[in-house]
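Reader: Please give me a close look at one part of this model, a single position in a sheet, and then set that part in the context of the rest of the chain.

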Amino acid sequence: MRFDLKKILIIILFIAAAAAAGYGVYYFFFKPAETLEITTVEEVTPTSELPEAGLGTPTTEVTEGVTPVLPTASPIASGGITQVENLTPTVSVSSAALSGDGQGMNFYDPTNGRLNKVLPDGTVQSLSSQTFYNVEKVNWSGDSASAILEYPDGSNILYDLQSKKQITLPKHWEDFDFSPQGDKIVAKSMGLDEENRWLIVANKDGSDAEAIEPLGNNGDKVQVKWSPNNQIIATSRTGEAMGINRQQVLLVGKNNENFPGLVIEGWGFDYEWSPTGERMVYNAYNMDSNYNPVLWVVDASGENIGANRKSLKVNTWADKCTFADNSTAYCAVPDYLPEGAGLQRDLANGIPDTIYKIDLASGRKTTVGKPEDASTIKQITLSSDGKYLFYVDQATSRLNKMRLK
């Protein structure tokens, strides 16, 4: 027999592999578990006691037994979140304006067709014994003695709140405003022909109407607002063209005065008079402002017309401002504006406002307060004693009050 070393090696390797596999089966499946010895460790007394984990430690000292109170909205405006009171919780108001005594707000109630007044404490008083349904707009005289009611079909009624009488005004008159004394009105008389369209002044009952300036086909460029100093009755965006970022706005007097025009840095012009009529705060947009409105102030009386014009560097509209005096304004300013809001104001709908106090001489701005309900403010009015800011919430059309003092 021949000795075959190769076969012997193969047999040995096979036997070794079988033995290893058998041991593995024994180790994992049949070997008894070992008993572990438990060693007792002596308790060690800590050198200092650690606090238990919790929800956090307040940064201010907490008196034992007293629950910390989180900051809340301030009842009086002091620069932060401020409490507001809804004066008309069940009514969406229309055409709100400061009452003649300067302490409350007049408004039209579309639900019952009444002219009402609401006091700072929320008390509502009726100003009319009659009901006027489906009124589109109410124009109040400054002394609250009269109101002109405009209807969607063009009908117009002057209602005397003292005598409780009403007078029908011509149907082709529109865009009314009262004189500072409340005895006269200015309006646009829009005849069918362009040649018969005029800016007119008349007694408040419509008598003694006088044509002041022809409107032609530019009626939409004329804004009717009688100045408090009785000089200007309207403005007209029909001045000289001054490039893509500028325009000239003309001031219209009631006696055909030839006032100099105002140079406006942009478009979308709208304005409000200061209490004395010496100044005008207006808004305009241009390319440099990303087509968002910017507030400006300018002298607009007598020989000073056009003087001291400067940007207030605030992005809002003039109709969101109210005056404390000739040098101070309160303005509701959106927290942000998307580009192009000056072109399309609806882009600002739903954006919360913060109220600022603006020094018109220096341009200095201070934060007054932010309504606790994050309102978008449609209209803002200051009471004559400076205690309250009244405003209409854009989303609800409810009339609200913020306390300043």
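Author: A contact, or touch, is taken here as heavy atoms within 4.5 Å. On that basis, residues 24 or more positions apart account for 41% of the contacts in the chain with a separation of 6 or more. The model is predicted, so local features need pLDDT of at least 70 and side-chain atom pairs count only at pLDDT 80 or more, whereas totals for chains, interfaces and linings use all residues. Residues are numbered from 1 along each chain as its sequence is written, and side-chain values use heavy atoms, with hydrogens and water left out.

The chain contains one helix and 29 strands, these being DSSP runs (H or I of at least four residues for helices, E of at least two for strands) numbered from the N terminus. Of its 405 residues, 43% are buried, meaning under 20% relative accessible area, with over 50% counted as exposed and partly exposed in between (1.4 Å probe, protein chains only).

The position I would choose is Thr381, which lies in strand E27. This strand belongs to an open sheet of four strands, ordered E2-E29-E28-E27 with antiparallel pairing, where pairing requires that DSSP find at least two bridges between two strands. The edges of this sheet are formed by strand E2 (85-86) and strand E27 (377-382), each of which pairs on one side only. The partner of E27 is strand E28 (residues 388-393), and the two are joined in the antiparallel sense over five bridges; within that ladder, Thr381 stands opposite Phe390 in E28. Although E27 is an edge strand, Thr381 counts as buried because its relative accessibility is 11%. Leaving aside residues up to four places away in sequence, Thr381 touches Tyr388, Leu389 and Phe390, and also Leu98, Met105 and Thr322.

Two of those contacts lead into other parts of the chain. Leu98, touched by Thr381, brings us to strand E3 (94-98), which stands with strand E6 (124-126) at the edges of a sheet, each having a single partner strand, so that one side of each is left without a neighbour in the sheet. That sheet is open, has four strands in the order E3-E4-E5-E6 and is paired antiparallel. In it, strand E5 (residues 114-118) and E6 pair in the antiparallel sense over three bridges, and Asn116 stands opposite Ser126 in E6.

Thr322, likewise touched by Thr381, points towards a disulfide (a pair of cysteine sulfur atoms within 2.5 Å). It joins Cys321 to Cys331, with 2.1 Å from S to S, and the pair links Cys321 in strand E23 (residues 321-325) to Cys331 in strand E24 (residues 328-334), ten residues apart. The link is right-handed, with 115° about the S-S bond, and both Cys321 and Cys331 are buried.

Elsewhere, the largest nonpolar core (buried Ala, Val, Leu, Ile, Met, Phe, Trp, Tyr and Cys residues joined through side-chain atoms within 4.5 Å) has 17 residues, and among those with the most contacts inside it are Leu251, Phe269 and Met280. Strands E17 (247-253), E18 (262-264), E19 (267-273), E20 (279-285) and E21 (294-299) each supply at least two residues of this core. Apart from it lies another core of 14 residues, including Val135, Leu149, Tyr151 and Ile157.
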